[in-house]
Amino acid sequence: MKKILLAILFVTASVGVSFAQNGKFSIGLELGKPTGNVGDFYKLAIGGSLKYDVPIEKGTNFNVSLGYTSFQGKRYVGDAGFVPLKAGLKHYFDQGFYGEAQLGAAFSTEDHGGTFFAYSPGVGYTFAGGFDVGFRYEGWSKNGTIGQVATRLAFNF
């Protein structure tokens, strides 16, 4: 729990410092399909996230995100919760199309669940008016990998 609180404090401080740089927040719904062996135990990943994008040069943003993801268990396997904290770069290629890559950590909410190294490359499109749809692979590694193919439906403000 201390790690989660420290992560939240870090993101809050980072966002506060960068707020003056004309960035944008987005809030999103996260839906994923577990991959590999994880898919044998969990049927769906669902959660939400808050992301902050700061322009660092034309067409390129630095971003930080904090969320919650629940892996929904199959049959006799219980749900598993995680708090991913990531930072990365988003580059717009043409109009609203972008590529994005993030690195960070995913903190398990389970007792003795530990911390995982998180990585997530993806692509997406930002529509006029602020609606955003992104697709990515997300992996969390620690003595094996918990992976998912996921989408994020978000609104930028």
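Where in the chain is confidence lowest, and where is it highest? Hello everyone, let me start there. This is a predicted model, and its mean pLDDT is lowest in helix 1, residues 2–18, at 58. The highest mean belongs to strand 6, residues 115–126, at 98. Over the chain the average pLDDT is 90, and 87% of the residues score at least 70. A word of caution to carry along: where pLDDT is low, predicted coordinates should not be read in detail.

Now for the overall fold. If you look at the structure above, you can follow a closed barrel of 8 strands, in the order 1-2-3-4-5-6-7-8, with antiparallel pairing. On average, neighbouring strands of this sheet are turned by 25 degrees against each other, direction ignored. As a reminder for anyone new to sheets, strands pair through backbone hydrogen bonds, either parallel or antiparallel.

Let's walk along part of the barrel, starting at strand 4, residues 80–94. Strand 4 pairs with strand 5 in the antiparallel sense, over 12 bridges. Two of the pairs are worth finding on your screen: Val 83 has Phe 107 in strand 5 as its bridge partner, and His 91 has Gly 99. The hairpin of these two strands has 2 residues between them, and there Gln 95 takes a positive phi near 50 degrees.

Next comes strand 5, residues 97–108, which is joined to strand 6 by 11 bridges, again antiparallel. Here Tyr 98 is partnered with Gly 124, while Gln 102 stands opposite Ser 120. This hairpin has 6 residues between its strands, and His 112 in the turn has a positive phi of about 60 degrees.

One more step takes us from strand 6 to strand 7, residues 131–141. These two strands pair over 8 bridges in the antiparallel sense, with Tyr 119 opposite Gly 139. In their hairpin 4 residues lie between the strands, and the turn residue Gly 129 has a positive phi of about 100 degrees.

So much for the strands; what about empty space? Rolling a probe the size of a water molecule over the atoms shows where such space is left. How many cavities of 30 Å³ or more does a search of the whole structure find? The answer is 1, and the largest cavity holds about 250 Å³ of space.

Its lining is made of 26 residues, and those nearest the centre are Glu 30, Lys 51, Lys 86, Arg 136 and Arg 152. By class, the lining has 8 nonpolar, 10 polar and 8 charged residues. Several strands contribute: strand 2 (42–57), strand 3 (60–73), strand 4, strand 5, strand 6, strand 7 and strand 8 (145–156) each supply at least two lining residues.

Finally, please find Thr 151, which sits in strand 8. Is this residue, Thr 151, buried or exposed? Thr 151 counts as buried because its relative accessible area is 15%, and the cut-off for buried is under 20%. Thr 151 is also 123 residues from Gly 28 in sequence, yet their C-alpha atoms are 9.7 Å apart in space.

To finish, here is the picture to take home: a closed barrel of 8 strands, with a cavity of about 250 Å³ and low confidence to remember in helix 1. Thanks for listening!

Methods
Residues are numbered from 1 along each chain as its sequence is written. This is a predicted model: local features need pLDDT of at least 70, side-chain atom pairs count only at pLDDT 80 or more; totals for chains, interfaces and linings use all residues. Side-chain values use heavy atoms; hydrogens and water are left out. pLDDT is the predictor's confidence in each residue, from 0 to 100. Two strands pair if DSSP finds at least two bridges between them. Axes are lines fitted to C-alpha atoms, for helices over the stretch in contact, and angles run from 0 to 180 degrees between N-to-C directions. On a 1 Å grid over the protein atoms alone, a cavity is a set of points where a 1.4 Å probe fits but cannot get out, and a pocket is an open set with protein on both sides within 12 Å along at least five of seven lines; lining residues have an atom within 4 Å of a point. Grid points are joined across faces, edges and corners, and a volume is the space filled by probe spheres set on the points. Ala, Val, Leu, Ile, Met, Phe, Trp, Tyr, Cys and Pro count as nonpolar, Asp, Glu, Lys and Arg as charged, and the others, Gly among them, as polar. Buried means under 20% relative accessible area, exposed over 50%, partly exposed in between (1.4 Å probe, protein chains only).
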